[in-house]
Amino acid sequence: MASGGAPVPGALLCALLWALAAAVAGDDGPGGSPLPGAFGRVYRGTVNINAERVYAFAYSSEPGQVDAVRVYVNSSSENLQYPVLFVVRQQKGVLSWQVPLIFRGLYQRTYNYQEVSRTLCPSEPTPETGPSDQIIFVDVASMAPFNIAYELLVTRLENFQLETNKAFNFTASPSQPQYFLYKFPQDVDSVIIKVVSDAVYPCSVVSVQDIVCPVYDLDHNVEFNGVYQSMTKQAAITVQRKDFPGEQFFVVFVIKPEDYACGGSVPSSIHGNVNRTWNLQRTKNLQVTIVPSIKKSVYVQAMFFSFLSFLSFYLGSVVVAFVHYIRVRRKASAGRLSPEDGSGIMASSHPITASTPEGSSYGAIDESSSSGGHQLSSPERGPPAGSDTDSSVEEESDFDTMPEIESDKNVIRTKVFLYLSDLSRKDRRIVSKKYKIYFWNIITIAVFYALPVIQLVITYQTVVNVTGNQDICYYNFLCAHPLGVLSAFNNILSNVGHMLLGFLFLLIVLRRDILHRRAMEIKDVYTLDYGIPKHFGLFYAMGIALMMEGVLSACYHVCPNYSNFQFDTSFMYMIAGLCMLKLYQTRHPDINASAYSAYASFAVVICLAVLGVVFGKNDMWFWIIFSMIHVLASLALSTQIYYMGRFKIDLGIFRRAAMVLYTDCIQQCSRPMYMDRMVLLIVGNLVNWSFAIFGLLYRPRDFASYILGIFICNLLLYLAFYIIMKLRSSEKLLPIPMFCIVATAVVWAAALYFFFQNLSSWEETPAESREKNRPCILLGFFDDHDVWHFLSAAALFFSFL
């Protein structure tokens, strides 16, 4: 037969006569010349260095029919120096292997199999050529100086082509891999290959390869071509028609010789002789089903749903603003315009005085300051309205260095009963400028942080697309809808809510800021002397942080894995920290942390998160150091809060702390001077120390979520304390804030329900993570985690309001 050409009819007739003669004789005949073979018959014989066997198997294929042939071989020999070599020659390729077939594992372990079966790469005849005659030659040889027995069986596969929406069951083992053909139907552009098994082990690999020979179907070469992922009980691969010009592909199933890649036990290292295992029973029953994926119209519906859902918040905000405008105009026309109506910010028609119960004066405003009886409208209040400027000439230090102001700090802030007027004595312009630094700094941080992140995740996605290794990224593969180069576009699209609602929050804050400025120009006395001091810099920073959380969460979900989870949590830390700072700022505007110290603290936290990702898995020393830092930071912050920033932290702090403990706790056990603050700080330290002890004992692998839990618990604790102190001070919860509180609680509860529906976990191996995968639940496009993105964006928005 000419190389690469079709056999002549005479050769086919000769092959059939040989097969008939062999069937009558029942003997394999002498070596050297091809022996006619018959499908379904077992051939037994021996080979050595001087004798080899060649079998010829002929068959005919009908137009459009794909015929696959499977070869089963067996040899009783355990001599690894002289294996039996099998070479299969086809019209367009050669396939060879040896028996015993050797697989290599960790630590030089070898797994030897004496029974091997392989599917030969099929050749599909073109419709124009009509029926096609094929001949397969199987050469059996060995370099052994003695006879080695073997068995050979060649069969034609009847169920080689998989059908859409029809489950197919089969078995595979390391030495007996399987693969099948699938052709795209005319009206299907994308399919999902779903593979399930009742048994977790043995570990297996599912691969999708183009129609190219040879097919890589062994453990050591299955990763050379196509797309692949490891599997225990479940796997799913989305395949698009555009990726396969021939509109068909092979689905390959390989059983690995060891289970460590799927989370199984890791073989122990062997010293000395190499450990060998023979004919290890690792058969796995599998079921494969190929179902059509979603159509392009579903992508369009999902995008419309995502944007319209959050644009409805814009519509609601416009309605609320319009109603507020109408209400203000009506009151103005009736001559009943009150201070709060012009600015849109809660105020009172007369000052909040110290008439509240003694000891419950948290945040109250007295008409006269206890330090000198002067009102906030004294010269210390700053320039009159209309001079609100951001000039860089004035600096906060200009006021801090004045002797009388410094005296006021030491005297006023250490009083037993503090009023809000005592903590808002600095010039409003200087304080506002101080808080605007939060806004400009977070923009700078966002740009410098986000650009490398975007570049890195693009590299991750490129590596996945080029190598085909789907074990790199932890998607929910049963609901991962690709678009362009992105493997899971739905997980990225669902983050649009954070960006849209963050921008809406910025617009709301801007409106409040503008109304506040106008109110100052009209009635300065009301704006400056009543209610909470209005500073919007932290609000702007919170809006930017919410938008960046959406951007970085989308970046994380481009390729979610253990290494880049910190991208998803970094701005969560900042959101929680900014919320705590904003709550503290409302009643302590003069002594709140500066933007530089706050962002430096966040940078330290993010550095610790990175170190936790690297060293937090098993290194006990890291957890000891981190727990010490956590406890010391809690104590230092508690000291600053308790003494309103008047307790210096320097080298003499230990001596002063010892003196305080001796005088207040040992010499005479007196009641704490600031009981409310003491209760908050005791509870807060107990919570933080509990976190530190938990980390030491259990060393959670998800260190980023561990730190986030610390931030969230502290935020909730301080929020509860803030609300309780408002109620103790006889302040009211107005309808709109109450609505926001209820909406926040309801939406957070729903969001957390979907958050805890674990669909994947990079704390486990990729194969184990895929056991948690579940189908889409919303529009056939979004999964539980996408719903969490939607609801958490709304919950954060209501929280900010």
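**Exercise 1. Find the polar partners of the S142 side chain in this predicted model, and decide whether S142 is buried or exposed.**

Step 1. Start with the backbone oxygen of P83: the side chain of S142 reaches that atom at 3.3 Å.

Step 2. Now look at A144. Its backbone nitrogen lies 3.2 Å from a polar atom of the S142 side chain.

Step 3. Place the residue in the fold. S142 sits in the loop that links strand 10 (132-141) and strand 11 (148-157).

Step 4. List what S142 touches, skipping residues up to four places away in sequence: V47, N48, I49, Y82, P83, V84 and I148.

Step 5. Check the accessible area. S142 comes out at a relative value of 4%, and buried means under 20%, so S142 is buried.

**Exercise 2. Work out which residues have the most contacts inside the largest nonpolar core, and which helix gives this core its largest share.**

Step 1. The largest nonpolar core holds 91 residues, and the ones with the most contacts inside it are Y438, I442, Y573, L578, Y599, F626 and I707.

Step 2. Helix 10 (residues 537-558) supplies the largest share of this core, with 13 residues.

Step 3. Zoom in on Y573. Ignoring neighbours within four places in sequence, Y573 is in contact with F602, V605, I606, A609, A704, I707, L708 and F711.

Step 4. Don't stop there: a second, separate core has 35 residues, including I193, V222, Y228 and V252.

**Exercise 3. Compare the span of helix 19 with its expected span, then find the residue that caps its N-terminal end.**

Step 1. Helix 19 covers residues 784-800, which is 17 residues.

Step 2. From first C-alpha to last, helix 19 reaches 24 Å, close to the 24 Å expected at 1.5 Å a residue.

Step 3. For the cap, go to D783: one of its side-chain oxygens lies 3.1 Å from the backbone nitrogen of H785.

Step 4. Finish with burial. Helix 19 is mostly covered, with 14 of its 17 residues buried.

**Exercise 4. Which strands stand at the edges of the sheet with the order 7-8-19?**

Step 1. Read the layout: this is an open sheet of 3 strands with mixed pairing.

Step 2. Count partners. Strand 7 (101-104) and strand 19 (276-278) each have a single partner strand, so they are the edges, and one side of each has no neighbour in the sheet.

Step 3. Add the geometry: the twist averages 25° from one strand to the next.

Step 4. Take the 7-8 pair. Strand 7 and strand 8 (residues 110-113) run antiparallel and are joined by 4 bridges.

Step 5. For a landmark in this pair, find F103, which stands opposite Y111 in strand 8.

Terms used:
Residues are numbered from 1 along each chain as its sequence is written. This is a predicted model: local features need pLDDT of at least 70, side-chain atom pairs count only at pLDDT 80 or more; totals for chains, interfaces and linings use all residues. Side-chain values use heavy atoms; hydrogens and water are left out. A nonpolar core is a set of buried Ala, Val, Leu, Ile, Met, Phe, Trp, Tyr and Cys residues joined through side-chain atoms within 4.5 Å. Buried means under 20% relative accessible area, exposed over 50%, partly exposed in between (1.4 Å probe, protein chains only). Helices (H or I, at least four residues) and strands (E, at least two) are DSSP runs, numbered from the N terminus. Contact means heavy atoms within 4.5 Å. A polar contact is a pair of N or O atoms within 3.5 Å; within protein, one must be able to donate a hydrogen and the other to accept it, and residues adjacent in sequence count only if both atoms are side-chain atoms. The expected span of a helix is 1.5 Å times one less than its number of residues. Two strands pair if DSSP finds at least two bridges between them. Axes are lines fitted to C-alpha atoms, for helices over the stretch in contact, and angles run from 0 to 180 degrees between N-to-C directions.
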